[in-house]
Amino acid sequence: MSNKILNTYAAYAFDDLIRKQSSSGAIFSLIAEKILSLSGIVYGVTMTDDCKGAEFVRVDNIEQLHLLRGSKYIQAKVGQAYKSVKNDLNSGRIVLFSGTGCQNNGLKKYLGKDYENLYCIDMVCHGVPSPKLWRHYLEHIETINNAKIIGVNFRCKDQGWKNFGMEEIQHDKKKVYIPSSQDSFMRMFLRNYCLRPSCYECEAKLVRCADLTLADFWGINFVAPEMNDNKGVSLVIIRSQRGQSLFDTIQEKLCYKKVDYNAAIKYNPSEITSAPRPKERNKFFSDLEKKEFIKMEKKYAADAKIPLKQKVKNILRNALLRKNNGGGGTVM
Ligand SMILES: Cc1cc2nc3c(=O)[nH]c(=O)nc-3n(C[C@H](O)[C@H](O)[C@H](O)COP(=O)(O)OP(=O)(O)OC[C@H]3O[C@@H](n4cnc5c(N)ncnc54)[C@H](O)[C@@H]3O)c2cc1C
Ligand code: SF4
């Protein structure tokens, strides 16, 4: 195992509908479709039926693939997935496993040997929030709206890829949209209070075993601006010959461009750096045990207090970015 890089691409699917439902450029879906067309099996993460958690599921047909589309910003339960992957591999099925770097490393450890019929995808990973925080958040949302939530899209692109928001679908089908910069759960996530302890010292960034790594190409305007239509561009890092062969088979369904790795990851710090552990993290979790969510929001998700000097700097920097980019964005 090593962190060898064969090639790096900017890429997105020509299919606008699948791209809209995906977090970045829908590369995961195209690869998964390819695997299913070969009678293979895809393992990935979906929300549980009550939307209170996320878990791995086995998908063997294209009708169910939508379950896996899109990032769910919660630690997913692995459950029986590793065991089921092993059974499928041993019975000769082609398998695609898609999860975080640490989940991929866990799978490889569990399998104990290399399988030629296994393809692995991981992602540039900021970290995963605590499922407990998510449950508290969702129950709070259900209480204030007096409505059960039956669907969640953490990466709704209705206002564009870079200005993504949280979309919550109520039992009466009413949709609630909250810009990610204003959503309290996303604020706690992006302020790093609620990540799993291992995410602050992520070993999966040092030793990667996936064939391909996917990410949002946040620096697209500096590397291939002609590809940015604000519908989502993926950063694709090829780490093995197997990953390259898989990527080659989907190229006819893609707009893509080979790019320089170092230039590409400049705006994706999570490719190589773990999130810093806030000094308030322990207090955050002890408060979560005792405090109502509304109090957590007040304490940990309030508008950031920005000193005047920094405010001026930000205004100047954003003006410069807008001039260079034709639009700003959220950099995770
Ligand atoms: C927790 C998390 C943190 C991320 N952090 C960053 C980041 O800091 N910077 C960055 O550029 N990109 C990050 N990404 C990756 C990015 O959000 C997209 O997943 C990636 O660009 C692939 O997009 P896509 O359009 O090809 O496919 P999508 O359809 O958006 O990807 C879906 C795939 O993601 C997997 N997935 C979804 N939720 C989870 C989960 N909770 N745990 C494990 N796997 C999951 C599914 O199994 C599926 O295979 C993160 C993703 C997740 C899930
Ligand atoms: S940051 Fe590292 S440890 Fe945390 S979920 Fe991602 S890959 Fe796993």
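Which residues point one way from strand 1, and which the other way? The structure in the viewer is a predicted model, and the tour begins with this strand.

**Stop 1: strand 1**

Select residues 7-13, which form strand 1. In a regular strand the side chains alternate between the two faces of the sheet. Here N7, Y9, A11 and A13 point one way, while T8, A10 and Y12 point the other way. Residues on both sides are buried. Since seven of the seven residues of strand 1 are buried, the strand is largely enclosed by the rest of the structure.

**Stop 2: the partners of strand 1**

Keep strand 1 displayed and add residues 234-238, which make up strand 10. The two strands run antiparallel and are joined by five bridges. To find a point of contact, select T8 and look across to I237 in strand 10, which stands opposite.

Next, add strand 11, residues 254-258. Strand 11 also pairs with strand 1 in the antiparallel sense, over five bridges. Y12 has C255 of strand 11 as its bridge partner.

**Stop 3: charges over rings**

Remain at Y12 and select R19 as well. The charged end of R19 sits over the ring of Y12, at 3.7 Å from the ring centre. Then select K113 and Y115: the charged end of K113 sits over the ring of Y115, 4.7 Å from its centre.

**Stop 4: aromatic rings**

How many aromatic pairs does the structure hold? There are 21. Select Y73 and F154 to examine one of them. A pair of aromatic rings is described by the distance of the centres and the angle of the planes. For Y73 and F154 the centres are 5.8 Å apart and the planes stand at 80°; an angle over 60 degrees counts as edge-to-face, so this pair is edge-to-face. The pair links distant parts of the chain, 81 residues apart. Y73 lies in the loop between strand 3 (54-59) and helix 3 (81-90), whereas F154 belongs to strand 6 (residues 149-156).

Are these two residues buried or exposed? Y73 has a relative accessible area of 10% and is buried; F154, at 1% relative accessibility, also counts as buried. Now extend the selection to W134, Y137, F185, F189 and F293, which form one aromatic cluster together with Y73 and F154.

**Stop 5: ligand 2**

Finally, select ligand 2 and the residues around it: G101, C102, C125, G127, V128, S198, C199, C202 and A204. Colour this shell by class to see six nonpolar residues, three polar residues and no charged residues.

How values were computed. Residues numbered from 1 in each chain as written. Chains lettered and ligands numbered in written order. Predicted model: local features only at pLDDT ≥ 70, side-chain atom pairs only at ≥ 80, totals over all residues. Heavy atoms only, no water. Near = heavy atom within 4 Å. Nonpolar A, V, L, I, M, F, W, Y, C, P; charged D, E, K, R; others polar. Buried < 20%, exposed > 50% of the residue type's maximum accessible area, 1.4 Å probe, protein only. Helix = DSSP H or I, 4+ residues; strand = E, 2+ residues; numbered from the N terminus. Pairing = 2+ DSSP bridges. Phe/Tyr/Trp six-rings, centres within 6.5 Å; stacked < 30°, edge-to-face > 60°. Lys NZ or Arg CZ within 6 Å of the ring centre and 35° of its normal.
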